[in-house]
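Biologist: I am new to this structure and would be grateful for a close look at its charged contacts, beginning with a single salt bridge. Please then describe what surrounds that part of the account, step by step.

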Amino acid sequence: SLKSGFKKTTTVTGEIKGYISHKILGNRGFGYDPIFIPHNMSITFGQMSKRKKIKMDHRHIAFKKLKKKIKTL
(Lines give C-alpha, C1' and ligand atoms only; values in the text may rest on other atoms or scores of the structure.)
Protein backbone atom coordinates (compact mmCIF):
# COMPACT_ATOMS: atom_id res chain seq x y z
CA SER A 1 0.00 0.00 0.00
CA LEU A 2 1.09 3.58 -0.54
CA LYS A 3 2.09 5.56 2.55
CA SER A 4 0.79 9.08 3.03
CA GLY A 5 2.98 11.57 1.17
CA PHE A 6 4.55 8.93 -1.07
CA LYS A 7 3.98 9.54 -4.76
CA LYS A 8 4.45 6.96 -7.45
CA THR A 9 4.52 7.80 -11.14
CA THR A 10 3.54 5.38 -13.84
CA THR A 11 3.26 5.70 -17.59
CA VAL A 12 1.18 3.75 -20.07
CA THR A 13 0.75 4.06 -23.82
CA GLY A 14 -2.00 3.20 -26.22
CA GLU A 15 -1.52 2.60 -29.91
CA ILE A 16 -3.79 1.93 -32.83
CA LYS A 17 -2.50 1.15 -36.30
CA GLY A 18 -4.19 2.33 -39.44
CA TYR A 19 -3.80 4.59 -42.40
CA ILE A 20 -4.83 8.01 -43.69
CA SER A 21 -7.78 8.35 -46.06
CA HIS A 22 -7.34 10.31 -49.28
CA LYS A 23 -10.64 12.07 -48.52
CA ILE A 24 -12.29 13.55 -45.44
CA LEU A 25 -14.99 11.02 -44.57
CA GLY A 26 -17.54 11.39 -41.81
CA ASN A 27 -18.48 14.23 -39.52
CA ARG A 28 -18.16 12.57 -36.12
CA GLY A 29 -15.33 13.01 -33.67
CA PHE A 30 -12.61 15.65 -33.87
CA GLY A 31 -9.07 16.21 -35.07
CA TYR A 32 -7.89 13.41 -37.32
CA ASP A 33 -11.06 11.27 -36.92
CA PRO A 34 -12.44 12.00 -40.45
CA ILE A 35 -9.19 10.89 -42.12
CA PHE A 36 -7.96 7.99 -39.93
CA ILE A 37 -8.96 4.47 -40.95
CA PRO A 38 -8.01 1.84 -38.36
CA HIS A 39 -6.28 -1.34 -39.54
CA ASN A 40 -8.79 -4.00 -40.67
CA MET A 41 -11.57 -1.41 -41.01
CA SER A 42 -13.04 0.21 -44.11
CA ILE A 43 -14.37 3.41 -42.51
CA THR A 44 -12.78 6.36 -40.74
CA PHE A 45 -13.20 7.18 -37.07
CA GLY A 46 -15.32 10.09 -38.31
CA GLN A 47 -17.81 7.64 -39.82
CA MET A 48 -18.06 5.40 -36.75
CA SER A 49 -20.42 5.65 -33.85
CA LYS A 50 -18.82 7.26 -30.82
CA ARG A 51 -19.12 3.99 -28.87
CA LYS A 52 -17.33 1.94 -31.54
CA LYS A 53 -14.55 4.49 -31.92
CA ILE A 54 -13.96 4.81 -28.18
CA LYS A 55 -13.60 1.04 -27.76
CA MET A 56 -10.71 0.92 -30.22
CA ASP A 57 -8.91 4.26 -29.90
CA HIS A 58 -5.50 4.73 -28.31
CA ARG A 59 -6.86 6.52 -25.24
CA HIS A 60 -9.11 3.59 -24.37
CA ILE A 61 -6.25 1.13 -24.85
CA ALA A 62 -4.02 3.21 -22.55
CA PHE A 63 -6.78 3.56 -19.96
CA LYS A 64 -7.26 -0.23 -19.81
CA LYS A 65 -3.51 -0.65 -19.22
CA LEU A 66 -3.57 2.01 -16.52
CA LYS A 67 -6.53 0.37 -14.81
CA LYS A 68 -4.58 -2.92 -14.60
CA LYS A 69 -1.54 -1.12 -13.14
CA ILE A 70 -3.63 0.67 -10.52
CA LYS A 71 -5.02 -2.65 -9.30
CA THR A 72 -1.47 -3.81 -8.52
CA LEU A 73 -0.62 -0.82 -6.30
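Modeller: The side chains of D57 and R59 meet in a salt bridge, their closest N and O atoms lying 3.4 Å apart. The model in which this contact appears is a predicted one. The two partners are covered to unlike degrees: D57 is buried, because its relative accessibility is 4% and the buried class covers values under 20%. R59, at 41% relative accessibility, counts as partly exposed.

D57 has a further partner. A salt bridge also joins D57 to K53, with 3.6 Å between the closest N and O atoms. K53 is buried as well, since its relative accessibility is 8%. These contacts belong to a wider arrangement, for D33, K53, D57 and R59 are linked in a network of salt bridges.

How many salt bridges does the structure hold? The count is four. One of them joins K17 and E15, with a distance of 3.3 Å from N to O. Here both partners, K17 and E15, are exposed.

Charge also gathers at the surface. A positive patch there is made up of R51, K55, K64, K67, K68 and K71. Two elements each give two or more residues to this patch, namely α1, which spans 50-56, and α2, which spans 58-71. Helix α2 supplies the largest share, four residues. One residue of the patch may serve as an example: K68 lies in helix α2. With a relative accessible area of 64%, K68 is above the 50% limit and therefore counts as exposed.

From charge the account turns to aromatic rings. A search of the whole structure finds two aromatic pairs. In one of them, the rings of Y32 and F36 have centres 5.8 Å apart and planes at 80°, so the pair is edge-to-face. In the other, F36 and F45 have ring centres 5.3 Å apart and planes at 50°, so this pair is tilted. F36 takes part in the pair with Y32 and in the pair with F45. Together, Y32, F36 and F45 form one aromatic cluster.

Are the members of this cluster buried or exposed? Y32 is partly exposed, with a relative accessible area of 31%. F36 is buried, at 11%. F45 is likewise buried, because its relative accessibility is 1%.

A last point concerns the backbone. N40 is placed in the loop between β2, which spans 36-38, and α1. Its phi is near 65°, a positive value in a residue other than glycine. Why does such a value merit a remark? Most residues other than glycine have a negative phi. As to its surroundings, N40 is exposed, because its relative accessible area is 68%.

To return to the starting point, D57 bridges to R59 and to K53, and the network that holds these residues also includes D33. The positive patch, with four residues from α2, and the aromatic cluster of Y32, F36 and F45 complete this view of the predicted model.

Notes. Residues are numbered from 1 along each chain as its sequence is written. This is a predicted model: local features need pLDDT of at least 70, side-chain atom pairs count only at pLDDT 80 or more; totals for chains, interfaces and linings use all residues. Side-chain values use heavy atoms; hydrogens and water are left out. Patches are made of residues with over 30% relative accessible area and no salt bridge: like charges are joined within 9 Å, nonpolar side chains (Val, Leu, Ile, Met, Phe, Trp, Tyr) within 5 Å. Accessible areas come from the Shrake-Rupley method with a 1.4 Å probe; for residues, only the protein chains shown count as cover. Lys and Arg count as positive and Asp and Glu as negative; His and the chain ends are not counted. The place of a charge is taken as NZ of Lys, CZ of Arg, CG of Asp or CD of Glu. Buried means under 20% relative accessible area, exposed over 50%, partly exposed in between (1.4 Å probe, protein chains only). Rings of Phe, Tyr and Trp (its six-membered ring) pair if their centres lie within 6.5 Å; planes under 30 degrees apart count as stacked, over 60 as edge-to-face and the rest as tilted.
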